[in-house]
Amino acid sequence: GFFQTNSAVAEKLYATARDWLAGLDIHHYWDLFCGSGGFGLHCLNAQRRMIGIEIEAEAVACARRSADELGFAEQVSFMALDLTQPVEALAGERPDAVIVNPPRRGLGVDLCGMLEAVAPALILYSSCNVQSLAEDIRRLQSYRAERVQLFDMFAHSSHFETLVLLRRVSTGEQG
């Protein structure tokens, strides 16, 4: 599975995600591109349920093991699925929030369209590529950035991680 190379900054990134979602009315959320569960498991508490999706079965096995060790086995479900394909396993589900941490290519047209259709109140987006992040935010027309923070994950380089909390806005607020 994938792990952030700078563990000190990754710890701050995950803690910020947890803190941003801590006081919000979230009972059920998805963690897309969940890897070994870093974001999703940090944001979990006794009142929340989570579905994590990752293409790599080995990373899913690590996420399940971590959830078990943390005592969250009953609250989580993980699936090894390719998010570049339609995800029928999630049909009918409507989460309160969705956490996404896509590869450098970003979410893309189809996944942004699926998120628009599912319409969670919140999307927590972590990105290592500001260009694909900007394209995806443009595609997520029903959402506005509420919070943004940069994390210098790769010191002495031009690369950084960006965390954005997007909130769904009413039709009258779009534009």
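The following exercises, each with a worked solution, concern a predicted model of a single chain.

**Exercise 1. Overall build**

Task: Establish how many helices and strands the chain has, in what order they run, and how the radius of gyration relates to the globule rule.

Solution. The count of elements comes to 5 helices and 7 strands, and, read from the N terminus, they run α-β-α-β-α-β-β-α-β-α-β-β. The radius of gyration is 15 Å, which is close to the 16 Å that the globule rule gives for 175 residues, so the chain is as compact as a globular protein of that length. Along the principal axes, the C-alpha trace spans about 45 × 45 × 35 Å. Turning to burial, 47% of the 175 residues are buried. As for contacts between residues at least 6 apart in sequence, 68% of them join residues at least 24 apart.

**Exercise 2. The sheet and its edges**

Task: Determine the order of the strands in the sheet, and explain which strands stand at the edges.

Solution. The 7 strands form an open sheet with mixed pairing, in the order β3-β2-β1-β4-β5-β7-β6. At the edges stand β3 and β6, each of which has a single partner strand, so that one side of each is left without a neighbour in the sheet. On average, and with direction ignored, neighbouring strands of this sheet are turned by 15° against each other. The pairing of β3 can then be followed in detail: β2, which covers residues 49-54, pairs with β3 in the parallel sense over 5 bridges, and Ile 51 stands opposite Ser 77 in β3. Lying across β2 and β3 is helix α3, which runs at about 170° to β3.

**Exercise 3. Helix α4 and its cover**

Task: Identify the buried residues of α4 and the elements that cover them.

Solution. Helix α4 comprises residues 108-118, and its buried residues are Leu 111, Cys 112, Leu 115, Glu 116 and Val 118. The cover over these residues includes the strands β1 (28-32), β4 (97-100), β5 (122-127), β6 (143-151) and β7 (161-168), together with helix α5 (130-139). The orientation fits into the same description, since α4 lies across β1, β4, β5, β6 and β7 and runs at about 180° to β1.**Exercise 4. Val 100 in strand β4**

Task: Decide whether Val 100 is buried or exposed, and list its contacts beyond its neighbours in sequence.

Solution. Val 100 has its place in strand β4. With a relative accessibility of 0%, and with the limit for burial set at under 20%, Val 100 counts as buried. Once the neighbours within four places in sequence are left aside, Val 100 is in contact with Leu 32, Leu 107, Leu 115, Ile 123, Leu 124, Tyr 125 and Ser 126. One of these partners, Leu 115, is among the buried residues of α4. A separate distance concerns Gly 40, which lies 60 residues from Val 100 along the chain, while the C-alpha atoms of the two are separated by 9.4 Å.

**Exercise 5. The nonpolar cores**

Task: Describe the largest nonpolar core, and state which elements supply it.

Solution. In soluble globular proteins, nonpolar side chains tend to be buried together. The largest nonpolar core here has 29 residues, and those with the most contacts inside it are Tyr 29, Val 76, Phe 78, Leu 124 and Leu 163. At least two residues of this core come from each of α1 (7-22), α2 (38-42), α3 (57-70), β3 (76-80), β4, β5 and β7, and the largest share, 7 residues, is supplied by α1. Apart from this core lies another, of 22 residues, which includes Trp 30, Leu 83, Leu 115 and Leu 133. For a view from one residue, Phe 78 may be taken: leaving aside its neighbours within four places in sequence, Phe 78 is in contact with Cys 34, Leu 41, Met 50, Gly 52, Val 60, Ala 63, Arg 64 and Ala 67.

**Exercise 6. Three loop residues**

Task: Locate Phe 33, Ala 119 and Asn 129 in their loops, and comment on their burial.

Solution. Phe 33 lies in the loop between β1 and α2, and, although it is not a glycine, it has a positive phi of about 60°. With a relative accessible area of 13%, Phe 33 is buried. Ala 119 follows α4 and is placed in the loop between α4 and β5; Ala 119 too is not a glycine, yet has a positive phi of about 60°, and at 10% relative accessibility it counts as buried. Asn 129 is found in the loop between β5 and α5, where its relative accessibility of 13% makes it count as buried. The side chain of Asn 129 reaches the backbone oxygen of Arg 104 at 3.1 Å.

Definitions and conventions:
Residues numbered from 1 in each chain as written. Predicted model: local features only at pLDDT ≥ 70, side-chain atom pairs only at ≥ 80, totals over all residues. Heavy atoms only, no water. Buried < 20%, exposed > 50% of the residue type's maximum accessible area, 1.4 Å probe, protein only. Helix = DSSP H or I, 4+ residues; strand = E, 2+ residues; numbered from the N terminus. Contact = heavy atoms within 4.5 Å. Core = buried A, V, L, I, M, F, W, Y, C linked by side-chain atoms within 4.5 Å. Polar contact = N/O pair within 3.5 Å; in protein donor to acceptor, adjacent residues only side chain to side chain. Pairing = 2+ DSSP bridges. Axes fitted to C-alpha atoms, helices over the stretch in contact; angles between N-to-C directions. Rg over C-alpha atoms; globule rule 2.2 N^0.38 Å.
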